[in-house]
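Look at the fold below before reading on. Start with the strands, then turn to the helices and the cores.

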Amino acid sequence: TLPKDDPAMVFEKHLVWLETGAEPRQTVSLMAASMEPRSFLDAGPVVEEFLQRTVRGHDLVLPAPAQGWIIVSACPEHEMGEFIRRLLDEWHDFSRNCPGADLPNLVLSCLGTWQLPDRRGPGEHGSLRHQFMRQIRGPAPTESKRFNTFRHVLVVDDDAEVNMCLSLRLE
């Protein structure tokens, strides 16, 4: 069942899936992604599309008004540098291959890495939840509107043809 469009609920369901899926994960890292300079508002959907199709299958990308996007990655701390480097290299290649587009720089930062213990009580993931909610809530409402104006569709499919079609941008 797909959760309702509530970032906190999607986040919680994603944590459960990471812990109990076919390949249970031990850690989760939060990353903030943003555009520099932030004046490239028209590039927001392009950056989000890039992030959605470039992260790994067990990672989650959600809009976060405080930064732009938050990435929930089942990535151990010692692999975060390589993960960030791979995303930045792929963004550089993507930008270079779009000669007619004026695209911003992509800025990624690790917000922390947490262990995924067994889910036993209301306090588990306390600091992880707090950091996630702080990023999702973002700044004052007047500032946050600029990243929440994009329409989002969550598509989950293992069909290669569907995934190929997702690379096309629909206006």
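How many of the residues of strand β2 (residues 60–64) are buried? In strand β2, 5 of its 5 residues are buried, so the strand is mostly covered. Buried means under 20% relative accessible area, exposed means over 50%, and partly exposed lies in between (1.4 Å probe, protein chains only). Helices (H or I, at least four residues) and strands (E, at least two) are DSSP runs, numbered from the N terminus.

This is a predicted model, where local features need pLDDT of at least 70 and side-chain atom pairs count only at pLDDT 80 or more, while totals for chains, interfaces and linings use all residues. Residues are numbered from 1 along each chain as its sequence is written, and side-chain values use heavy atoms, with hydrogens and water left out.

**The sheet**

In a regular strand, side chains alternate between the two faces of the sheet. Both faces of β2 are covered. Leu60, Leu62 and Ala64 are buried on one side, and Val61 and Pro63 on the other.

β2 pairs with β3 in the antiparallel sense, over 5 bridges. Two strands pair if DSSP finds at least two bridges between them. Leucine 62 stands opposite isoleucine 70 in β3. Alanine 64 faces glycine 68, also in β3.

The open sheet has 4 strands in the order β2-β3-β1-β4, with antiparallel pairing. β2 and β4 stand at the edges with a single partner strand each, so one side of each has no neighbour in the sheet. From one strand to the next, the twist averages 25°.

**Helices on the sheet**

α2 lies across β1, β2, β3 and β4, and runs at about 5° to β3. α3 packs on the sheet too, touching β1, β3 and β4. The direction of α3 makes about 160° with that of β4. Axes are lines fitted to C-alpha atoms, for helices over the stretch in contact, and angles run from 0 to 180 degrees between N-to-C directions.

**The cores**

In soluble globular proteins, nonpolar side chains tend to be buried together. A nonpolar core is a set of buried Ala, Val, Leu, Ile, Met, Phe, Trp, Tyr and Cys residues joined through side-chain atoms within 4.5 Å. The largest one here has 23 residues. Those with the most contacts inside it are Met31, Leu51, Ile71, Phe83, Leu106 and Leu108. Two or more residues come from each of β1 (27–36), α2 (44–54), β3 (68–73), α3 (80–96) and β4 (105–115). α3 gives the most, with 6 residues. A second, separate core has 17 residues, including Phe11, Leu60, Leu128 and Ile136.

**Three helix residues**

Which helix residues are buried, and which is partly exposed? The table shows them.

| Residue | Helix | Relative accessible area | State |
|---|---|---|---|
| Methionine 80 | α3 | 4% | buried |
| Histidine 14 | α1 (residues 7–20) | 10% | buried |
| Leucine 88 | α3 | 30% | partly exposed |

Contact means heavy atoms within 4.5 Å. Leaving aside neighbours within four places in sequence, methionine 80 touches Ser29, Met31, Cys75, Cys110 and Thr113. Methionine 80 and serine 29 are 51 residues apart along the chain, yet their C-alpha atoms are separated by 8.1 Å.

With such neighbours again left aside, histidine 14 is in contact with His58, Asp59, Leu60 and Val72. On that basis, leucine 88 contacts Leu106 and Leu108. Leucine 88 and valine 107 lie 19 residues apart in sequence and 8.0 Å apart in space, C-alpha to C-alpha.
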